[in-house]
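Take a walk through this structure with the model open beside the text. Start at one side chain and work outwards.

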Amino acid sequence: MKNNSLFQPDQLIIKIPSPQKILIIYNPISSAGNTETLACKLEMALALQGKVVTVRTSEKKMKGYTRITDDIAASDLVVVVGGDGTIRKLLDAINQTGTPIYAIPGGNESLFARSYEMSTSADDLLRAIDAGTCLQQFYGLISGQGIQGEKPFFHMASMGLDSLTVKNIGKRKGPLNDSIYIWHGLKALCALHHPTVSVSVDGKQVIDHGSGYIIVANNSAYARNLQLVPTADPSKNELVLGFLPGARHQHELIKAMKILQHKPANLPMQYFSGKHIACTLHQQSYPLQVDGDYFRNRDIEAESTVAFCISPRPIRVLIPPYLHSDALQVANN
């Protein structure tokens, strides 16, 4: 395991020695459909620079990564070629070992990679490796009734049209594309009903049996600049709850239009922030989507409580050099 002293939650930016041992993990069924090819190109480019490279495919379940935790710990950097679901499954192992992470966009949205302006370019990866600059970033944890342990997420967990959509998509074989999301999104819209919830933030009740769209966010990135929770930031040691009371079909149509325009939604949402968020679902069971996946492939049962909290320590994200100036400005602020 890496030295725990490297983790300084009050320090946003840290420098690391240029990584020499690099583990590439790619998701063969990620929606881009070319992750294996990308992984091979990266392996060749890194090997030409004298790096020691190991390439592995991703695991279907988070517990599968326990089998390669030692490999992650023995590496100086993990490069993920895939989408946000692949990143989510790796968060615990990355945190446990202290190994920095870099992402190559290979999913339908790839919000993690795009949040840090990471690209598919091997040259960009090599420049990031040479610079050795990391951001310390927090992530969210989900626990509650019927949930064994704490399940990580980096971007968001939500109940609404998006959770109904990912449930409708269900278990799939092969890559996803926009048309699949659109088709299942329309089916979800036709049967749309929003959950009724009570929510407390850091022990204070903020919603009492309210019906509407709900999202717990760690990052403002969401569906092509929609920014439903614009203040959420993994550099902050807190989560942000967004709630749209009385959500209607027209709100979803506004979101769809803004997605096509790549503009913020600007919906009349209520916002609350804190380290601990507890959400109790009333009436009928309802699906929860987490970083684009149907959570545990089962609905949250009525009258059960789901708890969200921030990770006790951050992970390290290797960033491209052109992000350094922006990150330094944020750190100074």
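## From one histidine outwards

The side chains of histidine 282 and glutamate 303 are joined by a polar contact of 3.2 Å. Keep in mind that this is a predicted model. Histidine 282 has a second polar partner: its side chain also meets the side chain of serine 198, at 2.8 Å. The histidine sits in strand β14, which covers residues 276-282.

Is histidine 282 buried or exposed? Its relative accessible area is 8%. The cut-off for buried is under 20%, so histidine 282 counts as buried.

Which residues pack against histidine 282, once its neighbours within four places in sequence are set aside? The contacts are Thr196, Val197, Ser198, His209 and Glu303. Serine 198 and glutamate 303 thus appear in this contact list. Another reference point is serine 211. Serine 211 and histidine 282 are 71 residues apart in sequence, yet their C-alpha atoms lie 9.5 Å apart in space.

Step one residue along the chain to glutamine 283. This residue belongs to the loop between β14 and β15, the latter spanning 289-290. Glutamine 283 is exposed, because its relative accessible area is 56% and the exposed class begins over 50%. Its backbone also stands out. Most residues other than glycine have a negative phi. Glutamine 283 is not a glycine, but its phi is positive, about 60°.

Asparagine 266 is another such case. Its phi is positive as well, about 55°, and it is not a glycine. Look for asparagine 266 in the loop between α8 (249-261) and β13 (270-274). With a relative accessible area of 66%, asparagine 266 is exposed.

Now move to serine 119. It lies in the loop between α4 (111-115) and α5 (122-131). What does the serine 119 side chain hold on to? A polar contact of 2.6 Å links it to the side chain of aspartate 124. A polar atom of the serine 119 side chain also lies 3.1 Å from the backbone nitrogen of serine 121.

Beyond residues up to four places away in sequence, serine 119 touches Tyr102, Ile104, Pro105 and Asp124. Take proline 105 from that list. Serine 119 and proline 105 are 14 residues apart in sequence, and 6.3 Å separates their C-alpha atoms.

Helix α6 comes next. It runs over residues 161-169. Seven of its nine residues are buried, so the helix is largely enclosed by the rest of the structure. The buried residues of α6 are Leu161, Asp162, Ser163, Leu164, Thr165, Val166 and Ile169.

What about the cysteines? Cysteine 134 is buried, because its relative accessibility is 0%. Cysteine 40 is partly exposed, at 39% relative accessible area. A disulfide is a covalent bond between the sulfur atoms of two cysteines. How many disulfides does a search of the whole structure find? The count is zero.

Next, the empty space inside. Rolling a probe the size of a water molecule over the atoms shows where such space is left. Two cavities of 30 Å³ or more turn up. The largest has a volume of about 50 Å³. Its lining is made by Ala157, Ser158, Met159, Ile214, Ile215, Val216, Cys279, Leu288 and Phe308. Two elements give two or more residues to that lining: β9 (156-159) and β11 (204-217). By class, the lining has eight nonpolar residues, one polar and no charged.

The second largest cavity has a volume of about 30 Å³. Met156, Ile215, Ala217, Asn219, Ser220, Ala221, Tyr222, Leu228 and Val229 line this one. Here the residues divide into seven nonpolar, two polar and no charged. Isoleucine 215 is in the lining of the largest cavity and also in that of the second largest.

Finally, step back to the whole chain. Its secondary structure comes to nine helices and 18 strands. Of its 333 residues, 53% are buried. Consider the contacts between residues at least 6 apart in sequence: 76% of them join residues at least 24 apart. The pairing of histidine 282 with glutamate 303, where this walk began, is a polar contact between side chains.

Note on methods. Residues numbered from 1 in each chain as written. Predicted model: local features only at pLDDT ≥ 70, side-chain atom pairs only at ≥ 80, totals over all residues. Heavy atoms only, no water. Helix = DSSP H or I, 4+ residues; strand = E, 2+ residues; numbered from the N terminus. Buried < 20%, exposed > 50% of the residue type's maximum accessible area, 1.4 Å probe, protein only. Polar contact = N/O pair within 3.5 Å; in protein donor to acceptor, adjacent residues only side chain to side chain. Contact = heavy atoms within 4.5 Å. Disulfide = S-S within 2.5 Å. 1 Å grid on protein atoms, 1.4 Å probe; cavity = no way out; pocket = protein on both sides within 12 Å on 5 of 7 lines; lining within 4 Å. Points joined across faces, edges and corners; volume = space filled by probe spheres on them. Nonpolar A, V, L, I, M, F, W, Y, C, P; charged D, E, K, R; others polar.
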